[in-house]
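User: Hi, I have a structure open and I'd like to talk it through. Can you help me read it?

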Amino acid sequence: MPEFIQLPETPSTHDELRARWRDAGGALPSGTAIVTDTQTKGRGRHGRSWIAPAGKTIALSVLVAAPDTDVARERFPWLTLAAGLALREVVRPLVPEDHSVTIKWPNDLLIDGRKSAGILAELLDPMPGKLAASVGIGLNVLLAEDELPVPHATSLALAGAELSDALIEELPTLITDALMNRVDRLVNAAWFPKNAGLLAELQEHCETVSQQVRASLPGGEVITGEAIAVLEDGRLELRLADGSRRALSAADVERVRP
Ligand code: BTN
């Protein structure tokens with residue numbers, strides 16, 4: 001049975017899970033989770049730090065292990081996208097209906113267009129025949145306006161969610177279960193997100209698709225175009241002004257007005 005490990009404080013749930021995976025020689029079951037509400041050195045995408053005031057957020061890292069195949073490696077970006085869908089499933093019923101809850105490709109959960117959670121999936125040390133990743137989620141739960149670490153952020157509390165202590169305590173389990181449900185479907189569908197129903201779910205809830213966007217690529221290149229689809233391998237496909245198409249695997253994407 002996967003363990004759910006609650007820590008009062010840790011530098012990074014990702015680093016904690018990575019260390020436990022290494023110490024156990026890979027003998028940890030898929031679905032093992034590390035959770036804390038006080039993460040002191042959280043990491044975000046592209047080497048950024050993930051800042052979270054003590055006791056106000058949830059930091060969660062979930063171990064996903066599956067047989068190592070070429071197709072599983074190619075579909076690895078889907079772990080981030082599946083985590084976004086899992087988060088959305090849990091968060092949607094908590095906030096009043098007049099607030100939108102959407103996914104910004106590839107890794108943000110937005111409430112009314114503001115970032116309420118970020119996701120970072122990292123591969124763990126290879127073990128023979130096994131592909132393992134730590135899927136990390138940072139969710140802003142109780143932050144007040146003056147505690148938001150970056151502009152254009154929000155929290156569940158700011159969006160009007162009614163949050164009892166019992167519900168806050170239950171959130172990491174609900175998110176992990178929703179994530180592992182999607183991971184199991186993906187693995188059972190031989191990592192074809194379309195067959196697992198994830199492509200359609202993402203197409204419905206990913207607000208980036210059909211937007212005019214500016215994408216900043218890791219090498220510094222900036223391109224603009226219309227986001228037209230998320231592909232089977234998790235890349236975002238853009239149609240550029242000259243009609244050509246370009247698929248992005250990593251980028252910071254911002255909406256621009258046409
Ligand atoms: C981002 O938006 O840049 C992604 C942020 C991911 C933060 C989470 S919190 C749990 C896990 N542990 C970390 O150190 N980072 C991720």
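Analyst: Let's go from the whole chain down to single residues.

Analyst: One thing to know at the start: this is a predicted model.

User: Ok. How many helices and strands are there in the chain?

Analyst: The chain has five helices and 14 strands.

User: And what is the radius of gyration, set against a compact globule?

Analyst: The chain has 18 Å. A compact globule with 258 residues would be near 18 Å, so the chain agrees with that. Along the principal axes, the C-alpha atoms fill a box of roughly 50 × 45 × 30 Å.

User: What share of the residues count as buried?

Analyst: Of the 258 residues, 52% count as buried. The chain exposes about 11,900 Å². Carbon and sulfur atoms supply 51% of that area.

User: What about contacts between residues 24 or more positions apart?

Analyst: Take the contacts with a separation of 6 or more. Residues 24 or more positions apart account for 63% of them.

User: Helices next. Which residues of H1 are buried?

Analyst: H1 covers residues 13-23. Its buried residues are Thr13, His14, Leu17, Arg18 and Trp21. Seen down the axis of H1, they fall within an arc of 135 degrees, so they line one face of the helix.

User: Why would residues a few places apart point the same way?

Analyst: An α-helix has 3.6 residues a turn, so residues three or four places apart point the same way.

User: Got it. What do the buried residues of H1 pack against?

Analyst: They pack against five strands, E2 (33-36), E3 (42-43), E5 (57-67), E8 (114-123) and E9 (130-140).

User: Now H5. Which of its residues are buried?

Analyst: In H5, the buried ones are Leu198, Leu199, Glu201, Leu202 and His205. Down the axis of H5, these fall within an arc of 160 degrees, so they too line one face.

User: And which exposed residues sit on the face turned away from the buried side of H5?

Analyst: Ala200 and Glu204. The buried residues of H5 pack against helix H3 (77-91), E6, H4 and strand E11 (222-230).

User: You mentioned H4. Let's pick Leu171 there. Buried or exposed?

Analyst: Leu171 is in helix H4. Leu171 counts as buried because its relative accessibility is 0%, and the cut-off for buried is under 20%.

User: What is Leu171 in contact with?

Analyst: Leave aside neighbours within four places in sequence. Then Leu171 is in contact with Ile58, Val90, Leu94, Leu139 and Leu156.

User: How far is Leu171 from Ala144, C-alpha to C-alpha?

Analyst: The two C-alpha atoms are separated by 19 Å. Along the chain, Leu171 and Ala144 are 27 residues apart.

User: What about Thr176?

Analyst: Thr176 is also in H4, which spans residues 165-188. At 5% relative accessibility, Thr176 counts as buried. Beyond its neighbours within four places in sequence, Thr176 is in contact with Phe4, Gly31, Ala33, Leu60 and Val62.

User: Let's switch to backbone oddities. Which residues does a cis peptide bond join?

Analyst: Trp105 and Pro106, with omega at about -5 degrees. Pro106 lies in the loop between strand E6 (101-104) and strand E7 (108-111). As background, most peptide bonds are trans, and most residues other than glycine have a negative phi.

User: So where is there a positive phi in a residue other than glycine?

Analyst: Ser210 is one example, with phi near 85 degrees. Ser210 sits in the loop between helix H5 (198-205) and strand E10 (212-216). Ser210 is exposed, with a relative accessible area of 55%. Asp112 has a positive phi too, about 50 degrees. Asp112 is in the loop between E7 and E8. At 39% relative accessibility, Asp112 counts as partly exposed.

User: Where is Gly243?

Analyst: In the loop between strand E12 (236-239) and strand E13 (245-248). Gly243 counts as partly exposed, at 42% relative accessibility. Its C-alpha atom is 9.2 Å from that of Gly225, a residue 18 places away along the chain.

User: Last topic, rings. How many aromatic pairs are there?

Analyst: Zero.

User: And which ring does the charged end of Arg75 sit over?

Analyst: The ring of Phe192. The charged end of Arg75 is 4.7 Å from the centre of that ring.

Technical notes:
Residues are numbered from 1 along each chain as its sequence is written. This is a predicted model: local features need pLDDT of at least 70, side-chain atom pairs count only at pLDDT 80 or more; totals for chains, interfaces and linings use all residues. Side-chain values use heavy atoms; hydrogens and water are left out. Rings of Phe, Tyr and Trp (its six-membered ring) pair if their centres lie within 6.5 Å; planes under 30 degrees apart count as stacked, over 60 as edge-to-face and the rest as tilted. A charge sits over a ring if NZ of Lys or CZ of Arg is within 6 Å of the ring centre and within 35 degrees of the ring normal. Helices (H or I, at least four residues) and strands (E, at least two) are DSSP runs, numbered from the N terminus. Buried means under 20% relative accessible area, exposed over 50%, partly exposed in between (1.4 Å probe, protein chains only). The radius of gyration is taken over C-alpha atoms; the globule rule is 2.2 Å times the number of residues to the power 0.38. Contact means heavy atoms within 4.5 Å. Accessible areas come from the Shrake-Rupley method with a 1.4 Å probe; for residues, only the protein chains shown count as cover. The arc is that of the directions from the helix axis to the C-beta atoms.
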